[in-house]
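Let's take a friendly walk through this model, from its core out to its surface. Please have the sequence and the 3D view ready.

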Amino acid sequence: MAEQAHLSPSRFSALFSQAAGMSPMNYLLQLRLDHAVQLLEQSSLSILEIADQSGFRNLSNFNRLFLRYVGKPPSAMRRKLQGKTSMS
């Protein structure tokens with residue numbers, strides 16, 4: 001991204017962080033996790049497939065980061081979402 005913006009990586013990161021309130025890598029991670037949450041809510045894909053489609057190549061890494069940023073593991077979120085739809 002820095003190259004496309006014709007900036008050094010450090011300058012790009014500083015400007016991006018100032019504008020977005022987080023580093024480019026954390027922003028990308030947040031986008032990927034948001035996408036994973038959407039897939040959990042709107043699809044019947046397995047958690048492994050969701051991890052893969054969200055750009056995570058390692059399931060344990062996906063689970064660890066999901067728990068850290070979302071506050072619960074993807075399997076718990078899936079169970080909670082399934083409980084909501086069965087009550088409807």
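Within the 14-residue largest nonpolar core, the members that touch the most others are Leu33, Leu40, Ile50, Phe56, Phe62, Phe66 and Met77. Such a core joins buried Ala, Val, Leu, Ile, Met, Phe, Trp, Tyr and Cys residues through side-chain atoms within 4.5 Å. At least two of its residues come from each of α2, α3 (47–53), α4 (59–70) and α5 (74–87), and α2 gives the most, with 6 residues. Helices here are DSSP runs (H or I, at least four residues), numbered from the N terminus.

This is a predicted model, in which local features need pLDDT of at least 70, side-chain atom pairs count only at pLDDT 80 or more, and totals for chains, interfaces and linings use all residues. Numbering starts from 1 along each chain as its sequence is written, and side-chain values use heavy atoms, without hydrogens and water.

Leaving aside neighbours within four places in sequence, Leu40 contacts (heavy atoms within 4.5 Å) Ile47, Ile50, Phe66, Pro74, Met77, Arg78 and Leu81.

Now to the charged side chains. The structure holds 1 salt bridge, meaning a Lys or Arg side-chain nitrogen within 4 Å of an Asp or Glu carboxyl oxygen. Arg57 and Asp52 form this pair, at 2.7 Å from N to O.

Here are three accessibilities; buried is under 20% relative accessible area, exposed over 50%, and partly exposed in between (1.4 Å probe, protein chains only).

| Residue | Relative accessibility | Class |
|---|---|---|
| Arg57 | 66% | exposed |
| Asp52 | 42% | partly exposed |
| Tyr27 | 37% | partly exposed |

Tyr27 lies in helix α2 (residues 24–42).
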